[in-house]
Amino acid sequence: MALGWIISTIVAAMLGTTFATLIATMNKKVVRDKRGDIDFSKSDIYFQWTRWDYTIIVAAVYTFLCITGLLVFLLRGDTIESPWIQFFIHQTFVFSLITFLWFITRIAFVFKGIKKRWSDEFK
């Protein structure tokens with residue numbers, strides 16, 4: 001009955017862990033101050049194209065493919081009882097949320113870095 005949800009949860013956990021690992025491994029390039037906060041004046045990684053950007057793009061493309069798959073099965077006449085519909089609904093929700101949050105976080109770090117590095121221009 002809920003086979004699609006179970007498989008989707010397993011796939012989301014595997015892909016989410018892979019994506020998060022790709023992003024988290026960049027932390028070794030981040031310079032931190034004495035309190036453990038990011039020192040944006042010394043950390044250039046937020047101003048470069050990195051794995052984080054590629055990961056966001058891959059997650060967004062995967063989300064689009066899941067939406068397309070959901071549309072195909074809905075147009076075919078499948079209902080919520082279909083494991084495919086359950087799978088694509090769950091994947092679409094999870095990865096659209098993850099992609100959105102990563103994108104917003106990425107932009108927030110860039111803006112924080114700009115504010116720290118060039119704060120004299122914003123006064």
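How closely do the axes of α2 and α3 come, and at roughly what angle do they cross? They come within 8 Å and cross at roughly 155°. The tour below reaches that pair after a few settings.

**Before you start**

This is a predicted model, in which local features need pLDDT of at least 70, side-chain atom pairs count only at pLDDT 80 or more, and totals for chains, interfaces and linings use all residues. Residues are numbered from 1 along each chain as its sequence is written, and side-chain values use heavy atoms, with hydrogens and water left out.

Colour the chain by pLDDT, the predictor's confidence in each residue, from 0 to 100. The protein chain averages 89, and 97% of the residues score at least 70. Confidence is lowest in α1, at a mean of 90, and highest in α2, at 94. Where pLDDT is low, the predicted coordinates should not be read in detail.

**Stop 1: the helices**

Select α1 (3-24), α2 (51-75) and α3 (83-117), the elements that give two or more residues to the largest nonpolar core. Helices (H or I, at least four residues) are DSSP runs, numbered from the N terminus. Two packed helices are described by the angle between their axes and the distance between the axes. Axes here are lines fitted to C-alpha atoms, for helices over the stretch in contact, and angles run from 0 to 180 degrees between N-to-C directions.

Keep α2 and α3 on screen. At roughly 155°, α2 and α3 are therefore roughly antiparallel to each other (angles over 145 degrees count as such, and those under 35 as roughly parallel). α2 passes α3 in a left-handed crossing, where the near helix is turned anticlockwise from the far one by less than a right angle; clockwise would be right-handed.

**Stop 2: α1 against α2**

Hide α3 and show α1. The axes of α1 and α2 come within 8 Å and cross at roughly 160°. That makes α1 roughly antiparallel to α2, and their crossing is left-handed. To see the contact (heavy atoms within 4.5 Å), select V11, L15, F19, L22 and I23 of α1 together with R51, W52, T55, V58, A59 and Y62 of α2.

**Stop 3: α1 against α3**

Swap α2 for α3. α1 and α3 pack at an angle of about 25°, with their axes 8 Å apart. That makes α1 roughly parallel to α3. The crossing of α1 and α3 is right-handed.

**Stop 4: the core**

Bring the whole chain back and select Y46, W52, Y62, F88, F95 and W102. Of the 23 residues in the largest nonpolar core, these touch the most other members. A nonpolar core is a set of buried Ala, Val, Leu, Ile, Met, Phe, Trp, Tyr and Cys residues joined through side-chain atoms within 4.5 Å. α2 gives the most to this core, with 7 residues. In soluble globular proteins, nonpolar side chains tend to be buried together.

Centre on Y62. Which residues does Y62 touch, not counting residues up to four places away in sequence? They are V11, L15, F87, Q91 and F95.

**Stop 5: the loop between α1 and α2**

Go to D39, in the loop between α1 and α2. Is D39 buried or exposed? D39 is buried, with a relative accessible area of 17%. The cut-offs are under 20% for buried and over 50% for exposed, with partly exposed in between (1.4 Å probe, protein chains only). Leaving out residues up to four places away in sequence, D39 touches V31, R32 and D33.

Q48 lies in that loop between α1 and α2 too. Q48 is partly exposed, at 44% relative accessible area. With residues up to four places away in sequence left out, Q48 touches D53 and R106. Draw a line from the C-alpha atom of Q48 to that of V110: they are 62 residues apart along the chain and separated by 9.6 Å.

**Stop 6: three helix residues**

- W84 is in α3 and is partly exposed, with a relative accessible area of 47%. Its C-alpha atom and that of F73, 11 residues apart along the chain, are separated by 7.3 Å.
- I114 is also in α3 and is partly exposed, at 25%. The C-alpha atoms of I114 and Y46 are separated by 9.6 Å, with their positions 68 residues apart along the chain.
- L65 is in α2 and is exposed, at 51%. L65 and S41 are 24 residues apart in sequence and 39 Å apart in space, C-alpha to C-alpha.

Notes. Parallel < 35°, antiparallel > 145°, perpendicular 65-115°, else oblique.
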